[in-house]
Amino acid sequence: QVHLVESGGGLVQAGGSLRLACAASGRTFGISAVGWFRQTPGKEREFVAAIIRSGDSTRYADSVKGRFTISRDNAKNMVYLQMNSLKPEDTAVYYCAADMDISLTGLPGTLTSAYDYWGQGTQVTVSS
């Protein structure tokens with residue numbers, strides 16, 4: 001079992017920055033990758049960014065490339081999402097998720113079905 005807790009959300013003006021944090025506890029040694037997803041009312045949860053355990057491989061949605069950076073601190077069981085140049089369309093509830101697939105190699109997954117554990121989410125609101 002893995003427990004994930006997101007923090008760092010809030011209200012920010014367009015062009016501003018936020019840093020989200022995802023704290024993992026429990027069977028963290030089994031985590032192969034951590035992803036960030038976001039969701040707005042009435043829409044599917046969408047992929048934002050992901051990072052594998054070693055930190056050597058990351059993936060980003062096209063909509064956030066160049067603006068968001070994912071990083072991890074394995075010693076602290078933390079994953080971060082630095083969000084810069086925020087836009088109103090970035091407004092959403094942001095979730096972190098853990099992939100427990102021990103056979104994962106190469107790039108982390110972008111599908112919600114690839115992830116086994118989810119946090120409760122943190123609201124990010126970007127005003128125009």
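This is a short walk through the fold of one chain, from its overall make-up to a few individual residues.

Please keep in mind throughout that what you see is a predicted model. I will begin with the chain as a whole. Its secondary structure consists of eleven strands and zero helices, so that reading along the sequence you meet one β element after another, in the pattern β-β-β-β-β-β-β-β-β-β-β. The radius of gyration is 14 Å, close to the 14 Å that the globule rule gives for 128 residues, and the chain is therefore as compact as a globular protein of that length. If you lay a box along the principal axes, the C-alpha atoms fill roughly 40 × 30 × 25 Å.

How much of the chain counts as buried? The figure is 44% of the 128 residues. As for how the chain contacts itself, if we take contacts between residues at least 6 apart in sequence, 61% of them join residues at least 24 apart. The exposed surface comes to about 6500 Å², and carbon and sulfur atoms supply 48% of that area. On the charged side chains, there are 12 positive and 11 negative ones, and the centres of these two sets lie 4 Å apart.

Let me now turn to one strand, β11, which covers residues 122-127. Its covered face is made of Thr 122, Val 124 and Val 126, whereas Gln 123, Thr 125 and Ser 127 make up the uncovered one. Which strands pair with β11, and in what sense? Strand β2, residues 10-13, pairs with β11 in the parallel sense over four bridges, and Gln 13 stands opposite Ser 127 of β11. Strand β9, by contrast, runs antiparallel to β11 and is joined to it by three bridges, with Tyr 94 having Thr 122 as its bridge partner in β11.

Thr 122 also leads us to Gly 8, since Thr 122 is one of the residues that Gly 8 touches, along with Leu 18, Arg 19 and Leu 20, if we leave out residues up to four places away in sequence. Gly 8 sits in the loop between β1, residues 2-7, and β2, and at 33% relative accessibility it counts as partly exposed. Gly 8 and Cys 22 are 14 residues apart along the chain, and their C-alpha atoms are separated by 8.9 Å.

Three further loop residues deserve a look. Is Ser 32, in the loop between β3 (18-26) and β4 (33-39), buried or exposed? Ser 32 counts as buried, because its relative accessibility is 14% and the cut-off for buried is under 20%. Not counting residues up to four places away in sequence, Ser 32 touches Ile 52 and Arg 53, and also Asp 99, Met 100, Asp 101, Ile 102 and Leu 104.

The other two have a positive phi without being glycine. Asn 77, in the loop between β7 (68-73) and β8 (78-83), has a phi near 55°, and with a relative accessible area of 28% this asparagine is partly exposed. Ser 85, which is found in the loop between β8 and β9 (92-99), has a positive phi of about 50°, and at 40% relative accessibility Ser 85 likewise counts as partly exposed.

To close, I would come back to β11, the strand that pairs in the parallel sense with β2 and runs antiparallel to β9.

How values were computed:
Residues are numbered from 1 along each chain as its sequence is written. This is a predicted model: local features need pLDDT of at least 70, side-chain atom pairs count only at pLDDT 80 or more; totals for chains, interfaces and linings use all residues. Side-chain values use heavy atoms; hydrogens and water are left out. The radius of gyration is taken over C-alpha atoms; the globule rule is 2.2 Å times the number of residues to the power 0.38. Buried means under 20% relative accessible area, exposed over 50%, partly exposed in between (1.4 Å probe, protein chains only). Contact means heavy atoms within 4.5 Å. Accessible areas come from the Shrake-Rupley method with a 1.4 Å probe; for residues, only the protein chains shown count as cover. Lys and Arg count as positive and Asp and Glu as negative; His and the chain ends are not counted. The place of a charge is taken as NZ of Lys, CZ of Arg, CG of Asp or CD of Glu. Two strands pair if DSSP finds at least two bridges between them.
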